[in-house]
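Hi,

Here is the structure I promised to pass on. Have a look, and my notes are underneath.

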Amino acid sequence: MLFLSLPVDDLPRARAFYEALGFRINEHSSDDRTASVVVEDAIVVTLQTRERFADVAGAQAGDPTRPTALPCLTVGSRDEVDDLLAKATSAGGRTTSSPRDEGARYTGSFADPDGNVWQLLWLDQLHVVN
């Protein structure tokens, strides 16, 4: 499993944003400082207030608009890239990279309302080299 913790300024707003993308919240693992967003069975994004993030990380959260890591979520089709980008902007996020068709790859990226950037990627499995 992969757990990714992201600092957020407004936890209710962040929860609503990720739910609008079609992800569910695991209430059993959530509280007033944390929301556990289930992206897939093996991928969970833990949204944490900046204070909670600092407690867990042992340091203050950096500026999410200056990322030092870029989570990339693979999706099953080009349409899913476009759909998630549309949902992100409708829910209060912004597109950071318009869809780009690179033949065997189709990508785009968005930032959530707190500035955390996500890349979306569709790969044409017929052209992926093992």
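Below is what turned up around one strand and one aspartate.

Before you dig in: this is a predicted model, so local features need pLDDT of at least 70 and side-chain atom pairs count only at pLDDT 80 or more, while totals for chains, interfaces and linings use all residues. Numbering starts from 1 along each chain as its sequence is written, and side-chain values use heavy atoms, with hydrogens and water left out.

First, strand 4 (residues 43-49; strands are DSSP runs of E, at least two residues, numbered from the N terminus). Six of its seven residues are buried (under 20% relative accessible area, 1.4 Å probe, protein chains only). Strand 4 pairs (at least two DSSP bridges) with strand 1 (residues 2-8), running parallel over seven bridges. With strand 3 (residues 34-40) the pairing is antiparallel, over six bridges, and a two-residue hairpin joins strand 3 to strand 4. L47 shows up in both pairings: L6 stands opposite L47, and L47 is also the bridge partner of A35.

Then D112, in the loop between strand 7 (105-111) and strand 8 (117-123). What is the nearest side chain of opposite charge to D112? That's R13, 6.7 Å away (Lys and Arg count as positive, Asp and Glu as negative; His and the chain ends are not counted). D112 is buried but has no salt bridge (Lys or Arg side-chain nitrogen within 4 Å of an Asp or Glu carboxyl oxygen). The D112 side chain does reach the backbone nitrogen of D114, at 2.9 Å. Leaving aside residues up to four places away in sequence, D112 touches F17, Y18 and G93 (heavy atoms within 4.5 Å).

Cheers

Methods
Buried means under 20% relative accessible area, exposed over 50%, partly exposed in between (1.4 Å probe, protein chains only). Helices (H or I, at least four residues) and strands (E, at least two) are DSSP runs, numbered from the N terminus. A polar contact is a pair of N or O atoms within 3.5 Å; within protein, one must be able to donate a hydrogen and the other to accept it, and residues adjacent in sequence count only if both atoms are side-chain atoms.
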